[in-house]
Amino acid sequence: MSETLDGSVALVTGASSGIGQATAQELAARGANVAVSARRRGRLEALADDIEDEHDVNVLVHPADVTDADAVSELVEDTVSSFGALNIVVNNAGLGREETTIEELDLDAYRQMMSVNCDGMFYVARAAMPHLKESEGNLIFLGSMSGQYPRPASPVYAATKWWTRGLALSIQANAGTEG
C-alpha cells in the first residue's frame, strides 16, 4: 500500500532522466502535482505528457540550470505561483565527470561537478526552505553511495556526494532546532 499524496505539490530537479524522471512519475502516481526541472526542455515536456496521460495530476515544466541561483529562485517561485504551495522538493540534479586520477582531472570538469553537485544542491535548498517550512514539507536530497564510501577512481565526485550528505544532515539538524 502506498501513501497518497493527493493535493501535494512536489518539485523534482534533474527530472529529465534516470532517478529524477522515475521520482517524478512515482510522486504523480501517488497523486502529487509535480514541477519537473532540468536543462533539457524537450525531455521534460515528454515526461510531462507521459505523467499527464497516466495520472490525474498537473505538471509544470520549468527548465532551469541548478548552477544559476537566480534561475533556481525563479523555478521555486514559479512552482509556488502555479500550484499555490510547495510540499516536497527532491533535490536530485547531479553529475559525474571523472574516471581518472586527481592529477589528470580536467579543471573544467572539476568546476562543473562542484557547481552542479554542491552549489546546485545549496541553491535549491535555500530557495525552497521558506516554502517547505510554511507547508511543513519535506526536502529530500539524492546523493550516492559515494557519499558514504570512498571512490578511488572518482575522488572529486565522491567528495561532492559527501558534501551533499553533510549538507542534508546539517539542514535537518538546523531545521529541527528552529521554533
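User: In this predicted model, what makes the pairing of Glu 26 and Arg 30 a salt bridge?

Analyst: The N to O distance between the two side chains is 2.7 Å. A salt bridge requires a side-chain nitrogen of Lys or Arg within 4 Å of a carboxyl oxygen of Asp or Glu, so the pair qualifies. Side chains of opposite charge can pair when their charged atoms come close.

User: Why is Glu 26 called partly exposed, and why is Arg 30 called partly exposed?

Analyst: Glu 26 has a relative accessible area of 39%, and Arg 30 has one of 29%. Partly exposed covers the range between the buried limit of 20% and the exposed limit of 50%, so the term applies to Glu 26 and to Arg 30.

User: How many salt bridges does a search of the whole structure find?

Analyst: The search finds three. Besides Glu 26 with Arg 30, there is a salt bridge between Glu 45 and Arg 41, and another between Arg 111 and Asp 108.

User: How do you know that Glu 45 forms a salt bridge with Arg 41, and where do the two residues lie?

Analyst: Their closest N and O atoms are 3.4 Å apart, and the cut-off is 4 Å, so the criterion is met. Both residues belong to helix 2 (residues 41-54), where they are four residues apart, about one turn of the helix. Glu 45 is partly exposed, because its relative accessibility is 36%; Arg 41 is likewise partly exposed, at 43%.

User: What makes Arg 111 and Asp 108 a salt bridge, and is Asp 108 buried or exposed?

Analyst: The N to O distance is 3.9 Å, which is within 4 Å, so this pair also counts as a salt bridge. Both residues lie in helix 4 (residues 107-135), three residues apart, about one turn of the helix. Asp 108 has a relative accessible area of 55%; exposed means over 50%, so Asp 108 is exposed.

User: Why is Ser 37 called buried, and what does Ser 37 touch?

Analyst: The relative accessible area of Ser 37 is 2%, and buried means under 20%, so the label follows. Ser 37 lies in strand 2 (residues 33-37). Not counting residues up to four places away in sequence, its contacts include Val 12, Thr 13, Leu 44, His 62 and Leu 75. Ala 64 is also among them, and the backbone nitrogen of Ala 64 lies 3.5 Å from a polar atom of the Ser 37 side chain.

User: Why is Trp 163 called partly exposed, and which residues is Trp 163 in contact with?

Analyst: Trp 163 has a relative accessible area of 36%, which falls between 20% and 50%, so it is partly exposed. This residue of helix 5 (residues 155-177) is in contact with Asn 117, Cys 118, Met 121 and Phe 122, leaving aside neighbours within four places in sequence. The C-alpha atoms of Trp 163 and Lys 133, 30 residues apart along the chain, are separated by 23 Å.

User: Which residues have the most contacts inside the largest nonpolar core?

Analyst: Within this core of 25 residues, they are Leu 11, Val 66, Leu 86, Val 89 and Met 113. Strand 1 (9-13), helix 3 (69-83), helix 4 and helix 5 each give two or more residues to this core, and the largest share, seven residues, comes from helix 4. Apart from this core lies another, of 19 residues, including Ala 15, Leu 44, Leu 47 and Ile 88.

Technical notes: Residues are numbered from 1 along each chain as its sequence is written. This is a predicted model: local features need pLDDT of at least 70, side-chain atom pairs count only at pLDDT 80 or more; totals for chains, interfaces and linings use all residues. Side-chain values use heavy atoms; hydrogens and water are left out. Buried means under 20% relative accessible area, exposed over 50%, partly exposed in between (1.4 Å probe, protein chains only). A polar contact is a pair of N or O atoms within 3.5 Å; within protein, one must be able to donate a hydrogen and the other to accept it, and residues adjacent in sequence count only if both atoms are side-chain atoms. Contact means heavy atoms within 4.5 Å. A nonpolar core is a set of buried Ala, Val, Leu, Ile, Met, Phe, Trp, Tyr and Cys residues joined through side-chain atoms within 4.5 Å.
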